[in-house]
Amino acid sequence: MERYRTRTLLLALTAAGGLLLTACGGGGDADGSKSADRDLSGPAPARSQGTDRYDDRRERPGHLSTFALDVDTASYDYARRTLADGRLPDPSTVRPEEFVNSFRQDYERPGGDGFTVTVDGARTADEDWSLVRVGLATRTAGRAGERPPAALTFVIDVSGSMAEPGRLDLARRSLTLMTDRLRDDDSVALVTFSDEAETVLPMTRLGGNRDEILDAVDDLDTRDSTNLGAGVETGYETAVEGLRRGATNRVVLVSDALANTGDTDADSILEKIAGERREHGITLFGVGVGSDYGDALMERLADRGDGHTAYVSDEAEARTVFAEQLPRHVDLAARDAKAQVAFDPATVEEFRLIGYDNRRVADEDFRDDRVDGGEVGPGHTVTALYVVRTRPGADGHLATATVRWLDPGTRAPHEESGDLETDALGDDVWGAGRGLRTAATAAYFADALRRGEAALPGAPRLGRLADRADDLADRTEDGDVRRLAEAIRTAHRLM
C-alpha cells in the first residue's frame, strides 16, 4: 500500500507539471510603439501635488501611489478555511489584494506579452468618496502544445505534520488530477525535506524514463521536523544542476510552511538562493496546505522569490489551483512589473490603496529596473482598488495609471497607461458592472476582517455586505461569489 501511495504521489507530481505547463510563451509587445516613444526614465506622468492623508497606517506626501504587482490568492483561501473551522482569521494573514484577485475579471486582453490597463470607478454612499479600480490583464494562456519544454523541480514537505489529514494526502489527490499532462520533452526533478533535504530524483526527461521516475519515489515517507530552508536551498541547487536553456525552469514548493528546524527566516533562506534566482531567473511557486499553515513565511518566500502563492484546503480548491491557476505560473508574460497611479490634486483631495501593504515601492523607484517588481504569467488579471475623496464639484481628469514591466526574454522595459475622468465615475458602486461590484465586496470584506466593521468609506456593515454578495451571486450565477457570500455570513456570525 505504501508503495502504491508513493507511486501515486509521483504521478501526481508529473500531473502538476502538466497543469503548470498549459500556458504558452511568445507574443509581441502589448504597447507597440507607445513604449518606444515615451520617456521611460522618470516617474509616471502626473499633474501636480496632493496628499494621501486617508492611509492611517502609512501617511506620505505626494500624488503618486506605486506598488509591485501581486497575483497571490492564498490569503483569501486560507481565510475561508479558517472561517469554515469556526474561527476568525488572524488579521495579520488578511491581505485585501489577495481577496480581490481571487475573482475573475473581464478586462480586455493584449495581443502579446505585457498588459492592458483599465481604469474605472463609482461613487460610494459616503459623500465625495469613490471607489477607483485599476485593472491590468495579460494575454490569454494558449494551448499546451504551443509552450516551450519545461524543467520543473518539485520540493515536497514530508515532515511529520504533513501526515495529518488535508496535507500530504490532499497534495497526492490534487496532483493526480492530470497525470498524463507532461510531455516526453519535459523534465522533472524531485526534492523532499523533513529535518534534512534530499534530492530523490535529479532532473530527468519524461520520454523513456517514466518507469524510472516512478521507482524513484517508492521509498517516500513522512518523517519528523520541518527544515523548509534546507528544502528550498536544495530545490534551487537541483534546479540549477538540471537547468535547461530555452525551457521553463521552475521550483514548486508544496508545504504547510510550519518550519521548526534549521533556517526559519524567509530573508535568510532567500539570501542563500539569491544567485540562482538572479542569474538563472528561476521562480518559486508555493502551494500551502493544512489548517495550521505558515502563511507569513510562505508568502514572503514567494514574494521575494519572484513567485506566487496559492492555498488549498479541499479537492475543489485543489482542482482550481492545479487545473486552472498553476498553468499561469509557469510561462511568464512580464517580469518585475510595477504599477504607478498618479492622482490629479485638482480633483482628488485624498486617496488610499486598499492592501498591497508589503508590495509598496518608493515612487522614485518606479522606473528603476533594479528594484524588484512582480512576475506575472499569461491568463492573469491584477486589480488594485483605491478609496478616493474627490473635491466638491470636481470635474475633469482624475487619475492616470501606468504599468511598467520587463520583457520576459529580452528584459527590455515597456509601459502602458490608462486614464480616468471624473465624469466616468458611476453613480453607485452597487449599480456598477459585475467585476467592480465583486472586487468591492471582496475588498470591503477583507478590510472588515482586518480592521473592523465598515472601516472603509462607503463600506456597508457585514450583514448588509452579505446581502449584497447574495444578490450578486444570484444575478451572475457565479459559484465563487456564492462562496464569498457564505464566508461573509460566517464572519458576521463569528464577529
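How many bridges join E16 to strand E17 (residues 413–421)? There are nine, and the two strands run antiparallel. That pair is a handy place to start walking through this model, which is a predicted one.

Let's stay with strand E16, residues 397–406, for a moment. E16 is mostly covered, with ten of its ten residues buried. Take Val-403 as a landmark: its bridge partner in E17 is Glu-416. Val-403 of E16 also has Ala-339 standing opposite, and this belongs to the pairing with E12, where seven bridges join E12 to E16 in an antiparallel run. Between E16 and E17 sits a hairpin with six residues between the strands, and in this hairpin Arg-411 takes a positive phi near 65 degrees.

Now move to the sheets. Strands of a sheet pair through backbone hydrogen bonds, either parallel or antiparallel. One open sheet here has six strands with mixed pairing, and if you walk across it you meet them in the order E8-E7-E6-E9-E10-E11. The edges are strand E8 (197–205) and strand E11 (308–311); each has a single partner strand, so one side of each is left without a neighbour in the sheet. From one strand to the next, the twist averages 15 degrees. Look at the E11 end: strand E10 (residues 283–288) runs parallel to E11, and four bridges join them. One of the pairs to find on screen is Val-287, whose bridge partner in E11 is Ala-310. Helix H10 (residues 295–304) packs on this sheet, where it touches strand E9 (248–255), E10 and E11, and its direction makes about 160 degrees with that of E10.

H10 turns up again when you look at the pockets. Rolling a probe the size of a water molecule over the atoms shows where empty space is left. The second largest pocket has a volume of about 600 Å³. It is lined by 25 residues, and the closest to its centre are Arg-277, Arg-278, Arg-304, Asp-306 and Asp-372. At least two lining residues come from each of helix H8 (266–272), helix H9 (274–280), H10 and strand E12 (334–343). H10 supplies the largest share of that lining, four residues.

Next comes another open sheet, this one of four strands in the order E4-E5-E15-E13, with antiparallel pairing. Here strand E4 (116–123) and strand E13 (348–353) stand at the edges with a single partner strand each, so one side of each has no neighbour in the sheet. Neighbouring strands are turned by 25 degrees against each other on average, direction ignored. E4 and strand E5 (residues 129–137) run antiparallel and are joined by eight bridges; among the pairs, Val-119 has Val-134 in E5 as its bridge partner. Helix H12 (residues 434–451) packs on this sheet, touching E4, E5, E13 and strand E15 (381–390), and its direction makes about 75 degrees with that of E15.

H12 leads us into the interior. The largest nonpolar core has 37 residues, and those with the most contacts inside it are Phe-99, Leu-131, Leu-385, Tyr-444, Phe-445 and Ile-488. Two or more residues each come from helix H3 (74–84), helix H4 (96–100), E5, E15, H12, helix H13 (462–476) and helix H14 (479–494). H12 gives the most, with ten residues. To see how this fits together, click on Phe-99: leaving out residues up to four places away in sequence, Phe-99 touches Ser-75, Tyr-76, Ala-79, Val-94, Ala-442, Phe-445, Ala-446 and Leu-449. Apart from this core lies another, of 30 residues, among them Phe-115, Ala-337, Val-388 and Leu-425.

Two more stops around that largest core. H3 is mostly covered, with nine of its eleven residues buried; the buried ones include Ser-75, Tyr-76 and Ala-79. Just after H3, Gly-86 takes a positive phi of about 85 degrees. Then there is Arg-434, found in helix H12. Is Arg-434 buried or exposed? With a relative accessible area of 15%, Arg-434 is buried, because the cut-off for buried is under 20%. Not counting residues up to four places away in sequence, Arg-434 touches Arg-104, Gln-105, Asp-106, Leu-472, Thr-476 and Asp-478.

How values were computed. Residues are numbered from 1 along each chain as its sequence is written. This is a predicted model: local features need pLDDT of at least 70, side-chain atom pairs count only at pLDDT 80 or more; totals for chains, interfaces and linings use all residues. Side-chain values use heavy atoms; hydrogens and water are left out. Two strands pair if DSSP finds at least two bridges between them. Axes are lines fitted to C-alpha atoms, for helices over the stretch in contact, and angles run from 0 to 180 degrees between N-to-C directions. Contact means heavy atoms within 4.5 Å. A nonpolar core is a set of buried Ala, Val, Leu, Ile, Met, Phe, Trp, Tyr and Cys residues joined through side-chain atoms within 4.5 Å. Buried means under 20% relative accessible area, exposed over 50%, partly exposed in between (1.4 Å probe, protein chains only). On a 1 Å grid over the protein atoms alone, a cavity is a set of points where a 1.4 Å probe fits but cannot get out, and a pocket is an open set with protein on both sides within 12 Å along at least five of seven lines; lining residues have an atom within 4 Å of a point. Grid points are joined across faces, edges and corners, and a volume is the space filled by probe spheres set on the points.
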